[in-house]
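Q: I have a model open and want to talk through how it is put together. Can you take me through it?

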Amino acid sequence: MIRYAYKTSCWHPTQEEWLRAASTVSQEERNRIAQFMFKRDAKQSMMGRLLMRTCFSEITGEPPHSFTLSRDKSGKPYLETPSPNTPSSPNSPSSSSSSHPHSSPSSILSSLSFNVSHAGDYAVFVGSDRAKVGVDVMKVELRRNTTVPQFFSHMTRQFTEHEWKCIKEPQFDQEQLSRFYRHWCLKESFVKCMGTGLAFGLQRIEFHLGPLSADNTCTSTTVNIDGTTAKDWTFEEVLLDNHFIATAVNGNTGDISSLQPYHNQPSQPVRIMKFSDLILNPELHHDIGYFTTFDQKQECP
């Protein structure tokens, strides 16, 4: 499985960086990103797209701007035209993952399930050719002008009785908040993998947390769906800089993967990307005003 994370809060794009990024994405994507009111949101959205295209280019060797991305009815991105000779990807509503590993780059891409998320300080990407995946990232932080009990009171219907017991078990508010966001991140990753959004009904899914290891990772969390343990679901969690990253995996991941050359190393649960790691269009976007408009925005509210 491929997992990327980029700390967008530390990215302060120069004119060249922003225009190179802009030339890598499509016109529709540029328009969507330009609509954000704050730099923070524009950077996160842009980086999510750049991480996707970097993955596609690493696999195929094709230019990152050669791929056409669309969204399904739930808003999940999929490859409309992965490459001139590659069929649509399993993220597409009309496609499904292959059950056998492939060797050619175009075949790998055609069986690739992928997802992006961004929140707090990070944009994250996950991709797998062996199973359907969904990813979410959440920063452990309390909303302004509220207490933990007040915050929880607005979320009572989102968790089961067992989950609330687990969330409120620690003595201190910060530890309770951490467990809350861990559960919420897992639920978001699940529904994103399903492609149904929050309409699925979050009380239908109940998580039983595994312990975080010394390196702040966990692969032993399980889920009950409508009261029954779901054996075809696994979850890979990472706690990174006070952010939970949860990857939901639906399907058999035990087979040999064609993504092996691109996998994260076992000691590296997520690859922390730098701008120099991205695969970008070498040409700059011709409209300097695209950077000027971005640069005049406030960083965040």
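The chat below goes through the sheets, the helix packing and the nonpolar cores.

A: Sure. Keep in mind that this is a predicted model.

Q: Start with the sheet that has strand 6 in it. What's the strand order there?
A: The order is 6-12-11-8, in an open sheet of 4 strands with antiparallel pairing.

Q: Which strands are at the edges?
A: Strand 6 (132–139) and strand 8 (217–218), each of which pairs on one side only.

Q: How many bridges between strand 6 and strand 12?
A: There are 8 bridges, and strand 12 covers residues 243–250. To find the register, look at Lys-132, whose bridge partner in strand 12 is Asn-250. Further along, Asp-136 has Ala-246 of strand 12 as its bridge partner.

Q: What packs on that sheet?
A: Helix 7, residues 173–194. Helix 7 touches strand 6, strand 8, strand 11 (233–240) and strand 12, and its direction makes about 150° with that of strand 6.

Q: Strand 6 is an edge strand, so is it mostly covered or open? How many of its residues are buried?
A: Mostly covered: 6 of the 8 residues in strand 6 are buried.

Q: OK, other sheet. What's the order in the one with strand 1?
A: That open sheet also has 4 strands, ordered 4-5-1-13, and its pairing is mixed.

Q: Why is one side of strand 4 and of strand 13 left without a neighbour?
A: Strand 4 and strand 13 (271–272) stand at the edges of the sheet and have a single partner strand each, so one side of each has no neighbour there.

Q: And how do strand 1 and strand 5 run?
A: Antiparallel, joined by 6 bridges. One pair to look for is Ile-2 with its bridge partner Gly-127 in strand 5.

Q: Which strands does helix 3 lie across?
A: Strand 1, strand 4, strand 5 and strand 13; helix 3 runs at about 30° to strand 5.

Q: Switching to helices. At what angle do helix 1 and helix 8 cross?
A: Roughly 115°, with the axes of helix 1 (residues 15–24) and helix 8 (residues 288–295) coming within 9 Å. The crossing is right-handed.

Q: Which residues meet there?
A: From helix 1, Gln-15, Trp-18, Leu-19 and Ala-22; from helix 8, Ile-288, Tyr-290, Phe-291 and Phe-294. By type, that contact has 7 nonpolar residues, 1 polar and no charged.

Q: What do the buried residues of helix 1 pack against?
A: Helix 2 (27–34), helix 3 (39–60) and helix 8. The buried residues of helix 1 include Trp-18, Ala-21 and Thr-24.

Q: Trp-18 again. What does it touch?
A: Leaving out residues up to four places away in sequence, Trp-18 touches Trp-11, Pro-13, Ile-33, Ala-42, Lys-43, Met-46, Tyr-290, Phe-291 and Phe-294.

Q: How many residues are in the largest nonpolar core?
A: It has 36 residues, and Trp-18, Met-46, Leu-51, Phe-56, Phe-125 and Leu-278 have the most contacts inside it. Among the elements giving two or more residues to this core are strand 1 (2–7), helix 4 (105–110), strand 4 (113–119) and strand 5 (122–128). Helix 3 supplies the largest share, 9 residues.

Q: And what lies apart from it?
A: Another core, of 29 residues, including Trp-164, Phe-190, Leu-202 and Phe-235.

Methods
Residues numbered from 1 in each chain as written. Predicted model: local features only at pLDDT ≥ 70, side-chain atom pairs only at ≥ 80, totals over all residues. Heavy atoms only, no water. Pairing = 2+ DSSP bridges. Contact = heavy atoms within 4.5 Å. Axes fitted to C-alpha atoms, helices over the stretch in contact; angles between N-to-C directions. Left-handed = near helix turned anticlockwise from the far one by under 90°. Nonpolar A, V, L, I, M, F, W, Y, C, P; charged D, E, K, R; others polar. Buried < 20%, exposed > 50% of the residue type's maximum accessible area, 1.4 Å probe, protein only. Core = buried A, V, L, I, M, F, W, Y, C linked by side-chain atoms within 4.5 Å.
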